[in-house]
Amino acid sequence: MRFENKVALITGAGHGIGQAIATKLASEGAKILVVDINPDQASAAVSALRDAGATAEACITDVSKRADVEAAVAKAVELWGKLDILACSAGLMDREPFLEMTDELWHRVIDTNLYGGFLCGQAAAKQMVKQGSGGRIVYVASNSGIFGGRGRAAYGASKAGIINLTQSMAIELAEHNIYVNAVAPGPTLTRPEVQGELMGSAQTRMPLGRFGTPAEIAGVAAFLASDECSFTTGHTYAADGGFTVAGLMEG
Ligand SMILES: NC(=O)c1ccc[n+]([C@@H]2O[C@H](COP(=O)([O-])OP(=O)(O)OC[C@H]3O[C@@H](n4cnc5c(N)ncnc54)[C@H](O)[C@@H]3O)[C@@H](O)[C@H]2O)c1
């Protein structure tokens, strides 16, 4: 019960990795504000959390809109009096070949993944500084922010930005006892219906030879969001089946 009496705001908690982080933190006592742009997914996620005995509410939010993000932080405080943990998982993984990449795709991905991460981090940190009792911020980055990938110019740049944002925020927020870390998942099975084509090529390059599960990423995020993580800030922890350390796999 590492999160008893803690209030957590989790973006992208309507589906996938964000939902798994919400489930994990709630299972250890956190009250959860499910922040997502998709109302159906958000309300289904809240119902599942409540069915499991957790305290949870939804907040329909576009993380790329400052007013939405500030309203989400205000809602957590209005509901439960404070904010202890922010986990940012809301993100778009849209791909397009570099030579054909449109301004529209570039801005959509960067606005959601990177600017959204900045907005959420800043709004949460301001509240945590006001409270004066520290806090935990966890970003969901990606392997794609560590190395290049086909079709991932915008996506990879957004996640590389999140990794650096994590470092800069950690430096400026340390004096307020706010820890900022990221988990960088490798291929994780959140949408099997569209991920099938990727699985063959990715798995042959992953020492563990399989996709991760959302719960496996949530396990790392939960450590980074907990008081157990007491001497690590500004870091990105790869949870990727060994993908980022793999060189030649045969011969
Ligand atoms: N699945 C993977 O293989 C993988 C690998 C590495 C990193 N990631 C990262 O993990 C995070 C979650 O990925 P996932 O696979 O769980 O995705 P997902 O699509 O299953 O879930 C993302 C959630 O974010 C929400 N969302 C999208 N745009 C939003 C916005 N503007 N405001 C608020 N909510 C918004 C969606 O409605 C959805 O519920 C993303 O940041 C992604 O880049 C995923």
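**Group meeting: a predicted chain and its ligand shell**

I begin with a single position: Asn177 sits in the loop that runs between α5 (153-173) and β6 (178-185). The model I am presenting is a predicted one, and I shall return to the rest of the chain in a moment. At Asn177 the phi angle is near 60°, a positive value in a residue that is not glycine. Asn177 is partly exposed, since 14 other C-beta atoms lie within 10 Å.

Asn5 may be described alongside it. The phi of Asn5 is positive as well, at about 65°, and Asn5 is not a glycine. Asn5 belongs to the segment before β1 (7-11). How many C-beta neighbours does Asn5 have inside 10 Å? The number is 11, and Asn5 therefore counts as exposed. By way of background, most residues other than glycine have a negative phi.

Let me turn to the overall architecture. The chain holds seven helices and seven strands. In sequence order, the pattern reads β-α-β-α-β-α-β-α-β-α-β-α-α-β. The radius of gyration is 17 Å, close to the 18 Å given by the globule rule for 251 residues, so the chain is as compact as a globular protein of that length. The C-alpha trace spans about 55 × 40 × 40 Å along its principal axes. Of the contacts with a separation of 6 or more, 71% are accounted for by residues 24 or more positions apart. As to burial, 47% of the 251 residues count as buried.

The interior comes next. In soluble globular proteins, nonpolar side chains tend to be buried together. Here the largest nonpolar core has 65 residues, and those touching the most other members are Leu9, Ile32, Val34, Val183 and Ala221. Ile32 serves as an example. Setting aside neighbours within four places in sequence, its contacts are Ala8, Ile10, Ala13, Ala22, Leu25, Ala26, Leu49, Ala54 and Ala56.

Helix α6 presents another picture. None of its twelve residues is buried, and α6 is hardly covered. The helix covers residues 192-203, yet its end C-alpha atoms are only 14 Å apart, short of the 16 Å that a straight helix would reach at 1.5 Å a residue.

I come now to the ligand. Which residues are closest to it? They are Gly12, His15, Gly16, Gly91 and Thr190, out of 29 residues that surround the ligand. Two elements give two or more residues to this shell, namely α1 (16-27) and α4 (103-131). With three residues, α1 gives the most. Sorted by class, the shell has 17 polar, nine nonpolar and three charged residues.

Among the closest residues, Gly12 deserves a longer description. Gly12 is placed in the loop between β1 and α1. Is Gly12 buried or exposed? It counts as buried, because 30 C-beta neighbours lie inside 10 Å. Beyond the neighbours within four places in sequence, Gly12 is in contact with Gly18, Asp36, Ser89, Ala90 and Gly91. Gly91, one of these contacts, is also among the residues closest to the ligand. Finally, the C-alpha atoms of Gly12 and Ala42 are separated by 8.5 Å, although the two residues are 30 apart along the chain.

To close, I would set two positions side by side: Gly12 is buried in its loop, whereas Asn177, where I began, is partly exposed.

Methods:
Residues are numbered from 1 along each chain as its sequence is written. This is a predicted model: local features need pLDDT of at least 70, side-chain atom pairs count only at pLDDT 80 or more; totals for chains, interfaces and linings use all residues. Helices (H or I, at least four residues) and strands (E, at least two) are DSSP runs, numbered from the N terminus. The radius of gyration is taken over C-alpha atoms; the globule rule is 2.2 Å times the number of residues to the power 0.38. A residue is buried if 20 or more other C-beta atoms lie within 10 Å of its own, exposed if 12 or fewer, and partly exposed in between; C-beta atoms are placed from the backbone. Two residues are in contact if their C-beta atoms, placed from the backbone, lie within 7 Å. The expected span of a helix is 1.5 Å times one less than its number of residues. A residue is near a molecule or strand if its C-beta atom, placed from the backbone, lies within 6 Å of it. Ala, Val, Leu, Ile, Met, Phe, Trp, Tyr, Cys and Pro count as nonpolar, Asp, Glu, Lys and Arg as charged, and the others, Gly among them, as polar. A nonpolar core is a set of buried Ala, Val, Leu, Ile, Met, Phe, Trp, Tyr and Cys residues joined through C-beta atoms within 7 Å.
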